[in-house]
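This report goes through one protein chain, from its overall make-up to a few individual residues. The sequence and the structure come first.

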Amino acid sequence: MLKIIRRLPAAKTALAILFLFVQIGCALYLPYVTTDIVNKGVMSGDTAFIWSKGGLIMIGLSILSLVGALLNTLFFSKISYYLGAELRTDVYGKVLKFSKNEFDKFGASSLITRTTNDVTQVQTLVEMGCKFLLMAPAYLIGGILLTALLFKCKIGACLPLRGTLSYNQLFNHQPLC
């Protein structure tokens, strides 16, 4: 797997990961904007605040998240398709160097399968792995860090598996941080 990762173009991969983080950052920040709208706008009846905060910031964050999602998908797709083309070229070049005995040993059908199906499986693994295997930990770490920054908590207090809350924290409205 490391050999395949080394074949990925560093600049395009970094750019795709950057757009993935833009998408995740916007998606993680939207609930905090919604909280502000409800707490400061709806509760006080301030429609100007709702329109300015909800109308402009939420729509801007949504559009930015959409652009990030589209661009990271585009870059990861292009990266994986170029990798697939490289692998097919390499496999084809290796097959051309086979002797007649080696060619007969593997068989034409097996060689065709290796140059099409196996390479497509690797290509799909790289594309989905770059998208989803990076996304889950980024959401987890980003959510914890964003909560810690916005609520000025210690990182340990923001961890979801920290432990159970006490009766006083739940029913006497004591702050969690």
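In this predicted model, buried residues make up 29% of the 177 residues in the protein chain. The chain holds seven helices and zero strands, so that, read along the sequence, the pattern is α-α-α-α-α-α-α. Of the contacts with a separation of 6 or more, 74% are accounted for by residues 24 or more positions apart. The accessible surface of the chain comes to about 12000 Å², and carbon and sulfur atoms contribute 70% of that area.

According to the unreviewed UniProt entry, the annotation "transmembrane region" covers residues 12–30, 50–71 and 132–151. For two of these spans, the distance between the end C-alpha atoms and the secondary structure content are set out below.

| Span | Distance between end C-alpha atoms | Helix | Strand |
|---|---|---|---|
| Residues 50–71 | 30 Å | 100% | 0% |
| Residues 132–151 | 28 Å | 95% | 0% |

Which residues does Phe 19 contact, leaving aside its neighbours within four places in sequence? Phe 19 has its place in helix α2, which runs over residues 10–42, and its contacts beyond those neighbours are Gly 68, Leu 71, Asn 72 and Phe 75. The C-alpha atoms of Phe 19 and Leu 66 are separated by 10.0 Å, although the two residues stand 47 residues apart along the chain. Phe 19 counts as buried because its relative accessible area of 18% falls under the 20% cut-off.

Helix α5, spanning residues 108–150, contains Gln 123 and also Leu 125. Is Gln 123 buried or exposed? With a relative accessible area of 7%, Gln 123 is buried, and, when residues up to four places away in sequence are not counted, Gln 123 touches Ser 80, Tyr 81, Gly 84 and Arg 88. With Arg 88 there is in addition a polar contact between the two side chains, at 3.4 Å.

Leu 125, by contrast, has a relative accessible area of 47% and is therefore classed as partly exposed, since that class lies between the cut-offs of 20% and 50%. Together with Met 1, Leu 2 and Ile 5, Leu 125 forms a nonpolar patch on the surface, and the accessible area of these residues together is about 420 Å². Helix α5 thus carries both a buried residue, Gln 123, and a partly exposed one, Leu 125.

Technical notes. Residues are numbered from 1 along each chain as its sequence is written. This is a predicted model: local features need pLDDT of at least 70, side-chain atom pairs count only at pLDDT 80 or more; totals for chains, interfaces and linings use all residues. Side-chain values use heavy atoms; hydrogens and water are left out. Helices (H or I, at least four residues) and strands (E, at least two) are DSSP runs, numbered from the N terminus. Buried means under 20% relative accessible area, exposed over 50%, partly exposed in between (1.4 Å probe, protein chains only). A polar contact is a pair of N or O atoms within 3.5 Å; within protein, one must be able to donate a hydrogen and the other to accept it, and residues adjacent in sequence count only if both atoms are side-chain atoms. Contact means heavy atoms within 4.5 Å. Patches are made of residues with over 30% relative accessible area and no salt bridge: like charges are joined within 9 Å, nonpolar side chains (Val, Leu, Ile, Met, Phe, Trp, Tyr) within 5 Å. Accessible areas come from the Shrake-Rupley method with a 1.4 Å probe; for residues, only the protein chains shown count as cover. A salt bridge is a side-chain nitrogen of Lys or Arg within 4 Å of a carboxyl oxygen of Asp or Glu. UniProt positions are given in the numbering used here, feature names are shortened, and annotations may be inferred rather than shown by experiment.
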